[in-house]
Amino acid sequence: MKKTRDPELAQALQEARETEDRWRGLATRLLELGDDAMDAQLLVAFRAAREEGVVPPDAGFFLVAHILTTMADEALTEMPRVQRLALELDLMEREYGMLDGDWSDDEESAPEDWEALCAEYEAACDEARAAFFSAYGEEDMARLYLEDRVCFHRRFESGRRFFHGLPMLPEHLH
């Protein structure tokens, strides 16, 4: 007696093969994209997940904030004010003999002019990130980032834990 396949099973196997082929094709096309195009595609996907409620609100916040922060940090080096302050900071650190950007003299406190320039540089980076968030239509996120950093980090960390579990190390927070 000849064995025959169940038509429903054969149809399901065919659909599974077609789905796998579509996903492999998508993965191949994504690999061909440059980094900027990949970031843009991720942003679109993450916003869709957030807006459609596929993930909890803080998880959606994390997805969008994470990709935008990554994109903003890559763009920071192109911002004139940030560039100027980074150069000034680098020159001042060389002048003070600092190798790694940290004041390591336990005997003496860090120079006030260096601390002031560090604060100005960080503020410029924060403003640039917030402007980047706004430019990509995330005005509420930009406002939180500048005006209520504790709330921003609480939502970011809550969302991050949804995906990754363990708490993030403090030195990785902006």
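**View A. F133 has a relative accessible area of 0% and is therefore buried (under 20% relative accessible area; exposed is over 50%, and partly exposed lies in between, with a 1.4 Å probe and protein chains only).** The model is predicted: local features require pLDDT of at least 70, side-chain atom pairs are counted only at pLDDT 80 or more, and totals for chains, interfaces and linings use all residues. Residues are numbered from 1 along each chain as its sequence is written, and side-chain values use heavy atoms, with hydrogens and water left out. The protein chain contains 7 helices and 0 strands (DSSP runs numbered from the N terminus: helices are H or I of at least four residues, strands are E of at least two). Of the 174 residues in the protein chain, 30% are buried.

**View B. Aromatic pairs number 9 in the structure (rings of Phe, Tyr and Trp, the last by its six-membered ring, with centres within 6.5 Å; planes under 30 degrees apart are stacked, over 60 edge-to-face, the rest tilted).** The ring centres of F62 and F156 are 4.9 Å apart and the planes stand at 70°, so this pair is edge-to-face. Because F62 belongs to helix 3 (residues 57-75) and F156 to helix 7 (residues 149-164), the pair ties together parts that are 94 residues apart in sequence. F62 is buried at a relative accessible area of 5%, and F156 is buried at 9%. In the pair F133 and Y145, the ring centres are 5.5 Å apart with planes at 85°, so this pair is also edge-to-face. It links distant parts of the chain, with F133 in helix 5 (residues 112-135) and Y145 in helix 6 (residues 139-147), 12 residues apart. Y145 is buried, with 1% relative accessibility. One aromatic cluster is formed by F61, F62, F133, Y145, F152, F156, F162 and F163.

**View C. The charged end of R149 sits over the ring of Y145 (NZ of Lys or CZ of Arg within 6 Å of the ring centre and within 35 degrees of the ring normal).** The distance from the charged end of R149 to the centre of the Y145 ring is 3.8 Å.

**View D. The largest nonpolar core comprises 25 residues (buried Ala, Val, Leu, Ile, Met, Phe, Trp, Tyr and Cys joined through side-chain atoms within 4.5 Å).** Within this core, the residues with the most contacts are F61, L68, F133, M141 and F152. Two or more residues are given to this core by each of helix 2 (35-51), helix 3, helix 5, helix 6 and helix 7. Helix 3 supplies the largest share, 11 residues. Apart from this core lies another, of 13 residues, including L85, L89, A124 and C125. In soluble globular proteins, nonpolar side chains tend to be buried together.

**View E. F152 is in contact (heavy atoms within 4.5 Å) with F61, A65, F133, M141, L144 and Y145, residues up to four places away in sequence not being counted.** L63, located in helix 3, is buried at 12% relative accessibility. Leaving aside neighbours within four places in sequence, L63 contacts F46, A49, V55 and F163. L63 and L42 are 21 residues apart in sequence, with their C-alpha atoms 9.0 Å apart in space.

**View F. E138 occupies the loop between helix 5 and helix 6.** With 8% relative accessibility, E138 counts as buried. Residues up to four places away in sequence aside, E138 touches R47, R50, V64, L68 and F133. G137, which follows helix 5, has a positive phi, near 80°.

**View G. Helix 6 has the buried residues M141, A142, L144 and Y145.** They cover an arc of only 165° around the axis (taken from the directions from the helix axis to the C-beta atoms), which puts them on the same side of helix 6. On the face of helix 6 turned away from its buried side are the exposed residues D140 and E147.

**View H. The buried residues of helix 5 include W114, L117, C118, D126, R129 and F132.** Their cover includes helix 3, helix 4 (80-95), helix 6 and helix 7. The 24 residues of helix 5 should span 34 Å (1.5 Å times one less than the number of residues), and the end C-alpha atoms are 34 Å apart, which agrees.
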